[in-house]
Amino acid sequence: MDFALSARAEDVCGRMWDFMREQVFPAEPVYEEWRAARGHDDHGHPPVLEDLKKEARARGLWNLFHHELGGMTNLEYASVAEIMGWSPTIAPEATNCGAPDTGNMETLMLFGTPEQKQRWLDPLLEGEIRSGFAMTEPDVASSDARNIQTSIVRDGDEYVINGRKWWTSGAADERCQIFIVMGKTDPEGAPHRQQSMVLVPRDTPGLEIVRHLPVFGYQDQHGHSELRFTDVRVPVSNILSGEGDGFMIAQARLGPGRIHHCMRAIGMAERALALMVDRTQKRVAFGRPLADQGTVREAIALSRIEIDQARLYVLKTADLIDKYGAKGARTEISAIKVAAPRVALDVIDRAIQVHGGAGVSNDTVLARFYASARTLRIVDGPDAVHIRGVAKEELARERPYVG
């Protein structure tokens, strides 16, 4: 594959960097000050984000995540997603490229009916509402989707939903108006045909938002919430694709999304490295700049090596998806989902060490980056599940020579 940016990607990346330097980075303290003034348990919407969204649209930096919308391949978009990762709280939402909305929009594009698309996809594409994906449950190991216990039972022209979900990102924000809910419609069916997905509007009776879960003490603006469904009724027309298609939809949803997560993680790592280098050149210890200390130089060098290795692996995976689809890149998708967050964590940790007390405070982005990168080792499948998949493929691989 050719690792050089295409002319199209070069143009979009250039405009994205201009947007980041001129608009997004200056907006970070405004965003944080607005939230701090209201208390971080408040999940209101910082007005500066709406200003950024207008600016992103005016610059042609809107809905870039999907090839039909942004006109970019997965390989091209990967470099754009890395740039967004330099400000992961603000940049993805400002460009309407943030999770879980991107995955939900792709799901609706692939499996939604015309009516479902008109009601929910169109306002999501316009950035007028947000959405949630309710799959993970507190009482079972949800890394194995076959364990899902939420029941979806047909009663005439309606489905009745009962169960508990948690870590449903976005639910704390009142703009989150629709949930894609995964549950079992056929508990006695084949293991991968028991699950279905249905659309549940936020205001549906019986849907209760129980609490908003912090991540390492941080309450994100959009929240990660626990939901309870008690005899929740939705029309049969709210099902996605068909009964028994839930597992298939989940797999289709996650391929490109994992690319986005991984490249944003690499962007976080690059910003952490930039902060590390800047710090070491400005601080003096034991009679000379930190940058002259051998252990510090090693930390910088290892960070550069690891970031570049991870980036190349993700770009290779994006290229495979473009050529062969997510199924043709399933091993690589699992591998990068393990590799990229681990590299980001290591680099961020080194940057924190170089910053000392400032690194674990809120005076820099490093502590929040660390919490985010650590969480990435769980979301969209924990490391153990992806490692299991890579090992399975490796054990079945034919060797040209053994001996």
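Start by selecting Leu 64 in this predicted model. Leaving out residues up to four places away in sequence, Leu 64 touches Val 12, Met 16, Gly 70, Met 72, Tyr 77, Val 80 and Cys 97. Show those side chains too and you'll see who sits around Leu 64.

Now widen the view. Leu 64 belongs to the largest nonpolar core, which has 88 residues. Along with Met 16, Tyr 77 and Val 80, Leu 64 touches the most other members. Want to know which helix gives the most to this core? Select residues 246-282: that's helix H8, and 13 of its residues take part.

Next, pick Ile 152, Phe 179, Val 181 and Leu 227. These four are among the 17 residues of another core, which lies apart from the big one you just left.

Next stop: helix H6, residues 101-111. Is H6 mostly covered or mostly open? Mostly covered, with 10 of its 11 residues buried. Colour the buried ones: Asp 101, Thr 102, Gly 103, Asn 104, Met 105, Glu 106, Thr 107, Leu 108, Met 109 and Phe 111. What covers them? Turn on helix H3 (67-70), helix H7 (114-125), strand S1 (130-134), strand S4 (176-184) and strand S5 (195-201), which are all included in the cover. H8, the helix you met in the core, is part of that cover as well.

Last, jump to His 386, which you'll find in helix H12 (residues 383-396). Why does His 386 count as buried? Because its relative accessibility is 3%, and the cut-off for buried is under 20%. Setting aside neighbours within four places in sequence, His 386 is in contact with Arg 258, Ser 334, Lys 337, Val 338, Asp 380 and Gly 381.

Key:
Residues numbered from 1 in each chain as written. Predicted model: local features only at pLDDT ≥ 70, side-chain atom pairs only at ≥ 80, totals over all residues. Heavy atoms only, no water. Core = buried A, V, L, I, M, F, W, Y, C linked by side-chain atoms within 4.5 Å. Buried < 20%, exposed > 50% of the residue type's maximum accessible area, 1.4 Å probe, protein only. Helix = DSSP H or I, 4+ residues; strand = E, 2+ residues; numbered from the N terminus. Contact = heavy atoms within 4.5 Å.
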